[in-house]
Amino acid sequence: VIGIIGTSYALFMKVDQSEEQTVQSGSLIMQLSAYDGSTVISTNNTPIDDNEGLLTKGYSFSVTNNGTLDMTYYIALYDNPLDTSTNKLGYDHIKVSLDSGTPFLLSSCETDSNGRRILKKNISLLNKSNTNNFEAHNVKIWIDEDTPESEIGKTISLKIYAYGEVTE
């Protein structure tokens with residue numbers, strides 16, 4: 001009797017842990033749009049101080065969440081893969097300001113696993129059912145005024161990149 005009960009229990013209570021289970025609810029649809037039609041920053045300027053750099057036009061873009069789930073996202077810069085120039089200015093001479101914030105050297109930014117320089121992370125963006133599912137940004141790039149003479153004339157060619165994940 002004990003053997004029959006034990007066997008019956010094992011047959012009815014068998015749990016298969018080898019199968020992968022996915023539960024999906026809602027969607028995440030993130031869109032990056034540049035106001036000038038391009039997410040490529042390309043310049044060949046001379047060094048300027050931070051006050052002048054902050055007065056430049058910059059590159060305006062927006063991030064929109066058209067999905068049904070709230071999200072957090074990151075803004076990053078990385079070398080433009082379509083630019084094959086070998087005369088690029090190093091990140092330690094490139095100054096950046098995001099949304100008119102305090103300028104910083106691009107080399108001081110955290111790097112993600114793909115080598116992109118993260119300008120800002122964990123920015124919250126609500127889903128499409130909210131009126132604030134859209135965030136506008138402006139990134140200003142210039143050559144640091146302390147750049148040595150030997151580096152002047154080198155080019156900057158970067159891409160703006162945004163990526164996000166569902167807010168838990």
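Leaving aside its neighbours within four places in sequence, which residues is I141 in contact with? This and the exercises below concern a predicted model.

**Exercise 1. Place I141 in its surroundings, beginning with its contacts and ending with the core to which it belongs.**

Step 1. Once the neighbours within four places in sequence are set aside, the residues that I141 touches are I41, L77, I94, K95, V96, I156 and L158.

Step 2. I141 also appears among the residues with the most contacts inside the largest nonpolar core, a list that further holds L77, V96, L106, L119 and V139. L77 and V96 therefore occur both in this list and among the contacts of I141.

Step 3. The core as a whole has 26 residues, and the elements that give two or more residues to it are β3 (59–65), β4 (71–79), β5, β8 (117–125), β9 (134–143) and β10 (156–166).

**Exercise 2. Describe the overall fold, and then work out which strands lie at the edges of the open sheet.**

Step 1. The chain contains two helices and 10 strands, and along the sequence these follow the pattern α-β-β-α-β-β-β-β-β-β-β-β.

Step 2. Five of the strands form an open sheet with antiparallel pairing, and their order in this sheet is β1-β3-β9-β5-β6.

Step 3. The edge strands are β1 (30–34) and β6 (104–105), since each of them pairs on one side only.

Step 4. At the β6 edge, the partner is strand β5 (residues 94–98), which pairs with β6 in the antiparallel sense over two bridges; here K95 stands opposite L105 of β6.

Step 5. For the chain as a whole, residues 24 or more positions apart account for 81% of the contacts with a separation of 6 or more, while buried residues make up 33% of the 168 residues.

**Exercise 3. Trace the salt bridges of K95, and decide whether K95 and each of its partners is buried or partly exposed.**

Step 1. The structure holds five salt bridges, and one of them joins D50 to K95, with the closest N and O atoms 3.0 Å apart. Because D50 lies in helix α2 (residues 50–55) and K95 in strand β5, this pair ties together parts that are 45 residues apart in sequence.

Step 2. Burial is judged against a cut-off of under 20% relative accessible area. K95, at 11% relative accessibility, therefore counts as buried, whereas D50, with a relative accessible area of 25%, is partly exposed.

Step 3. A further salt bridge brings together the side chains of D144 and K95, at 3.9 Å from N to O. This pair links distant parts of the chain, with D144 in the loop between β9 and β10 and K95 in strand β5, 49 residues apart; both D144 and K95 are buried.

Step 4. A salt bridge that does not involve K95 is formed by the side chains of K121 and E110, at 2.8 Å from N to O. As K121 lies in strand β8 and E110 in strand β7 (residues 110–111), the pair ties together parts that are 11 residues apart in sequence. K121 is partly exposed, with a relative accessible area of 38%, and E110 is likewise partly exposed, at 43%.

Step 5. Returning to K95, salt bridges that share partners join D50, K95 and D144 into one network.

**Exercise 4. Locate D99 and N122, two residues with a positive phi, and state how accessible each of them is.**

Step 1. D99, a residue other than glycine, has a phi near 55°; D99 lies in the loop between β5 and β6 and is partly exposed, with a relative accessible area of 34%.

Step 2. N122 is not a glycine either, yet its phi is positive at about 55°. N122 is found in strand β8 and counts as partly exposed at 46% relative accessibility.

**Exercise 5. Which side chain makes a polar contact with the side chain of S157, and what else does S157 touch?**

Step 1. S157 is found in strand β10, where at 4% relative accessibility it counts as buried.

Step 2. The side chain of S157 makes its polar contact with the side chain of D83, at 3.2 Å.

Step 3. When residues up to four places away in sequence are not counted, S157 touches D83 together with V40, I41, S42, Y78, D79 and N80.

Key:
Residues numbered from 1 in each chain as written. Predicted model: local features only at pLDDT ≥ 70, side-chain atom pairs only at ≥ 80, totals over all residues. Heavy atoms only, no water. Helix = DSSP H or I, 4+ residues; strand = E, 2+ residues; numbered from the N terminus. Buried < 20%, exposed > 50% of the residue type's maximum accessible area, 1.4 Å probe, protein only. Contact = heavy atoms within 4.5 Å. Pairing = 2+ DSSP bridges. Core = buried A, V, L, I, M, F, W, Y, C linked by side-chain atoms within 4.5 Å. Salt bridge = Lys/Arg side-chain N within 4 Å of Asp/Glu carboxyl O. Polar contact = N/O pair within 3.5 Å; in protein donor to acceptor, adjacent residues only side chain to side chain.
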